[in-house]
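Grab your viewer and work through a few exercises on this chain. Try each task before you read its solution.

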Amino acid sequence: MSWKWEYAFGAEETVRAIPSDFLAAVERAADELVRAAEALHIHGRAHEGLDPKGGHIIVSGGWFLYQVVVRSERVYVVQITYLGF
């Protein structure tokens with residue numbers, strides 16, 4: 001599997017201050033996004049055209065924004081919002 005997810009921009013800095021249980025929920029959801037993107041875009045590197053619109057995923061305690069870049073075979077977590085409850 002060449003598809004992966006990673007943090008982008010300032011999301012890496014935010015991760016340092018987030019509780020581990022919330023971060024684990026974000027990472028599980030990002031893993032699911034990778035599996036879905038890989039199934040939908042089987043030949044990702046050969047993709048032509050625009051990337052799909054990003055979105056947000058709600059997890060217990062907050063949410064995160066993501067973007068799929070098909071030709072790079074990546075799902076980027078671009079923003080994490082932790083609400084603390």
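Buried means under 20% relative accessible area, exposed means over 50%, and partly exposed is anything in between (1.4 Å probe, protein chains only). You're looking at a predicted model, where local features need pLDDT of at least 70, side-chain atom pairs count only at pLDDT 80 or more, and totals for chains, interfaces and linings use all residues. Residues are numbered from 1 along each chain as its sequence is written, and side-chain values use heavy atoms, with hydrogens and water left out.

**Exercise 1. Salt bridges**

Find the two salt bridges in the structure and say how accessible each partner is.

Solution. Start with the cut-off: a side-chain nitrogen of Lys or Arg within 4 Å of a carboxyl oxygen of Asp or Glu.

Step 1: Arg35 pairs with Glu32, with 2.4 Å between the closest N and O atoms. Both sit in helix α2, three residues apart, or about one turn of the helix. (Helices, H or I with at least four residues, and strands, E with at least two, are DSSP runs numbered from the N terminus.) Arg35 is partly exposed because its relative accessibility is 45%; Glu32, at 47%, is partly exposed too.

Step 2: Glu6 and Arg74 make a salt bridge at 3.3 Å, N to O. This pair ties together distant parts of the chain: Glu6 is in strand β1 (residues 4–7) and Arg74 in strand β4, 68 residues apart. Glu6 is partly exposed at 34%, whereas Arg74 has a relative accessible area of 16%, so it counts as buried.

**Exercise 2. The core**

Work out which element gives the largest share of the largest nonpolar core.

Solution. Such a core is a set of buried Ala, Val, Leu, Ile, Met, Phe, Trp, Tyr and Cys residues joined through side-chain atoms within 4.5 Å.

Step 1: the largest one has 22 residues, and those with the most contacts inside it include Trp3, Phe64 and Ile80.

Step 2: α1 (11–15), α2 (20–40), β3 (62–69) and β4 (74–82) each put in at least two residues. The largest share is α2's, with nine.

Step 3: take Ile80 as a check. Leaving out residues up to four places away in sequence, Ile80 touches Tyr7, Ala11, Thr14, Val15, Ile18, Phe22, Trp63 and Phe64, where a contact means heavy atoms within 4.5 Å.

**Exercise 3. The hairpin**

Describe how β2 and β3 are joined.

Solution. Two strands pair if DSSP finds at least two bridges between them.

Step 1: β2 and β3 run antiparallel, with five bridges joining them. One partnership is His56 with Leu65 in β3.

Step 2: two residues lie between the strands of this hairpin, and Gly61 in the turn has a positive phi of about 100°.

Step 3: Ile58 belongs to β2 (residues 55–59), and it counts as exposed because its relative accessibility is 65%.

**Exercise 4. An unusual phi**

Which residue has a positive phi although it is not a glycine?

Solution. Step 1: recall that most residues other than glycine have a negative phi.

Step 2: Glu73 is the one to pick, with a phi of about 55°. Glu73 is in the loop between β3 and β4.

Step 3: its relative accessible area is 6%, so Glu73 is buried.
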